[in-house]
Amino acid sequence: MMATSAVAAERQGRIFACTSKTEKECLDKMLFATGRLYGEGVLAIKKGDPLFLMNLDTDILYGTFTADSAGKKNIEPKAWAGRYPYQVRVATLNGKILSVKGAKKVLAQMCLGWREALPPAAAKALSNYLENPDGKLESFEHEKEDEKPRLESTTLWDYPRQSYGKTPKGSNKYAGVTPAFAIYNMIKRYTEPGDLVLDPMAGSGTTLDVCIEEGRHYKAFDISPIRQEIVQNDARNIPLADESVDMVFIDSPYGDNINYNNQPGNIGKISAETEEFYDELEKVMIECHRVMKPGKIIGWVIGDQWVHKKFTAVGFRVYERLCRHFETVDIICLARRGQTSNTGVWHNRALRFNFYLRGFKYLFIMRKANKNVLQDKKKKIRWTQYTRGINHSTNN
Ligand SMILES: C[S@@+](CC[C@H](N)C(=O)[O-])C[C@H]1O[C@@H](n2cnc3c(N)ncnc32)[C@H](O)[C@@H]1O
C-alpha cells in the first residue's frame, strides 16, 4: 500500500543528517537535531510535518517520520553532549521505519538537497518512494523563494555582486558599500536568531538589512546617517552598555580614499599613511570591545592602499591594532569586484605603469577573550604527511 494519504498535504518536509556515530541516539530517543548553522530550519518545523533521516556515512535514508513537537532549542539539552541544540521530537508515520540505500543518488535524481526544506509535493513523493522503491522517481523544479548566499567553507570569499535576494541590502550606489554576502556569512556563523548585532559605521545599512531578514536585532550608527534606522553617533563613543552585544560587524574607512561626508569626526578624512588614522580606529576597537559580551566575535573589513606610487599596508596595520585587544579567529580574503577602478582603462594603466589594482580586502574575524572559559588542554596534532603524485583517495 502506498502511504500517499499519510503525509499531510501542504506540509513542508525536512531531511535531518546524521552519521554512523549519531544515528543510534536519533532513533533511540526519537529526537532529530542539528547545530546552529541549520538551526533556523528546525525552528520552522511544525508538529505534523513530514521528516526523514539520512546517514551521511552509510548513504541510507530513513522515513517517513512526522514531527511530534514543533522544532525547538534544547528539548534535550544533554543529547549528543549539547552539540546539536536545535531539535524536534519525532514519531513514525505508519508505525514503521523504512529505509533506502543510495540516498544521495535518489535525492539528486529528484533534484532535492538535504539542507533545504522539501516542498510538500517533494516530501510526499519521497515518502512514497520509501514505500515503493521500485516506483518511478519524480523530479522537482526548485521553487526559488528567495535566494540565500552560500555558507562559506574556505577563507576566500568572492561575490559577483553586492547584494542577494528580492530585497536590496544596503545600497550599491553607496561608495564603499559592503558585500551583503559577507555579512550574511558572519551572522549565520556567529549569532543565533534574536541576538544583537552592532554596526558602528553602518553607511548605507547593509548590516541592518541582513539582520532584519535573518531575525537578528541590530544597532546601527554612523557619523553621518543616510537612513532613519541608523542613529548619528561617533564610533569612538558607542552609546551601549558594557557586554551587551552578541556580534560586531564593521567596514571602516580604509584611509581618506573615499569622500563619505564632511561631518566632523569622520575618520575617512584621515590619511592611512599617518599614525593618527590607526590611533583613531583603535579607539573604535576599544569601544567595540567594551560593548561586546565575552567570547563574542567582531568582523572588521579593511583594504590596503596604493596611491601616488606608494603602497600602504593598511590591513596589516589595522590587524596589529586589533591584536592588542582581541584573539584572532581567522582572516578572510574578500575579493573586490565592484570598485570604480575595475575598468579596462585602469587595468591597462596598471600594466603600463607597473602597479597592481587592489584585488581583495581583508575580513579579520576576531574574538573577545572569555576569561571564564578554561582554555582547552593542548591537543597533540597528528599531521598526515602526503606525498605529491600518490593517490590518497578512499573507496568512496
Ligand atoms: C566603508 S563605509 C561603511 C559601509 C557600510 N558597511 C555599507 O555597507 O554601506 C564606512 C562608514 O564609516 C562612517 N564613519 C567614518 N567615521 C566615523 C565615525 N567616527 N563614527 C561612525 N561612523 C564613521 C562613514 O560615514 C561611512 O559611512
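A cavity here is a set of grid points, laid over the protein atoms alone, where a 1.4 Å probe fits but cannot get out. With that in hand, the second largest cavity of this predicted model has a volume of about 40 Å³. Its lining is made up of Gly 63, Thr 64, Leu 93, Asn 94, Lys 96, Leu 98 and Glu 131. Sorted by class, that comes out as two nonpolar, three polar and two charged residues.

Two of these lining residues, Gly 63 and Thr 64, turn up again in the backbone geometry. The peptide bond that joins Gly 63 and Thr 64 is cis, with omega at about -15 degrees. Thr 64 itself belongs to strand β4, which covers residues 60-67. Another backbone feature worth a look is Trp 80, a residue other than glycine whose phi is positive, near 50 degrees. Trp 80 is found in the loop between β5 (72-73) and β6 (86-92). As a general backdrop, most peptide bonds are trans, and most residues other than glycine have a negative phi.

Back to the cavities. Counting those of 30 Å³ or more gives two, and the largest holds about 300 Å³ of space. A total of 29 residues line the largest cavity, and Met 201, Ala 202, Gly 203, Asp 222 and Asp 251 are the closest to its centre. Helix α6 (206-214) and strand β12 (245-251) are the elements that each give two or more residues to this lining. In terms of class, the lining of the largest cavity splits into 13 nonpolar, twelve polar and four charged residues.

What sits in the largest cavity? The ligand does. Around the ligand there are 25 residues, and those that come nearest are Tyr 174, Thr 178, Ser 204, Thr 206 and Asp 222. Asp 222 thus shows up in this list as well as among the residues closest to the cavity centre. The shell around the ligand divides into ten nonpolar, eleven polar and four charged residues.

As for polar contacts, both side chains and backbone take part. On the side-chain side, an N or O atom of Thr 206 is 2.5 Å from an oxygen atom of the ligand, while a polar side-chain atom of Asp 222 lies 2.7 Å from a ligand oxygen atom. The backbone comes in at Ile 267, where an N or O atom lies 2.9 Å from a nitrogen atom of the ligand. How much of the ligand's accessible area does the protein cover? Taken on its own, the ligand has 600 Å² of accessible area, and the protein covers 100% of that.

Conventions:
Residues are numbered from 1 along each chain as its sequence is written. This is a predicted model: local features need pLDDT of at least 70, side-chain atom pairs count only at pLDDT 80 or more; totals for chains, interfaces and linings use all residues. Side-chain values use heavy atoms; hydrogens and water are left out. On a 1 Å grid over the protein atoms alone, a cavity is a set of points where a 1.4 Å probe fits but cannot get out, and a pocket is an open set with protein on both sides within 12 Å along at least five of seven lines; lining residues have an atom within 4 Å of a point. Grid points are joined across faces, edges and corners, and a volume is the space filled by probe spheres set on the points. Helices (H or I, at least four residues) and strands (E, at least two) are DSSP runs, numbered from the N terminus. Ala, Val, Leu, Ile, Met, Phe, Trp, Tyr, Cys and Pro count as nonpolar, Asp, Glu, Lys and Arg as charged, and the others, Gly among them, as polar. A residue is near a molecule or strand if one of its heavy atoms lies within 4 Å of it. A polar contact is a pair of N or O atoms within 3.5 Å; within protein, one must be able to donate a hydrogen and the other to accept it, and residues adjacent in sequence count only if both atoms are side-chain atoms. Accessible areas come from the Shrake-Rupley method with a 1.4 Å probe; for residues, only the protein chains shown count as cover. A molecule sits in a cavity or pocket if more than half of its atoms lie within 2 Å of its grid points.
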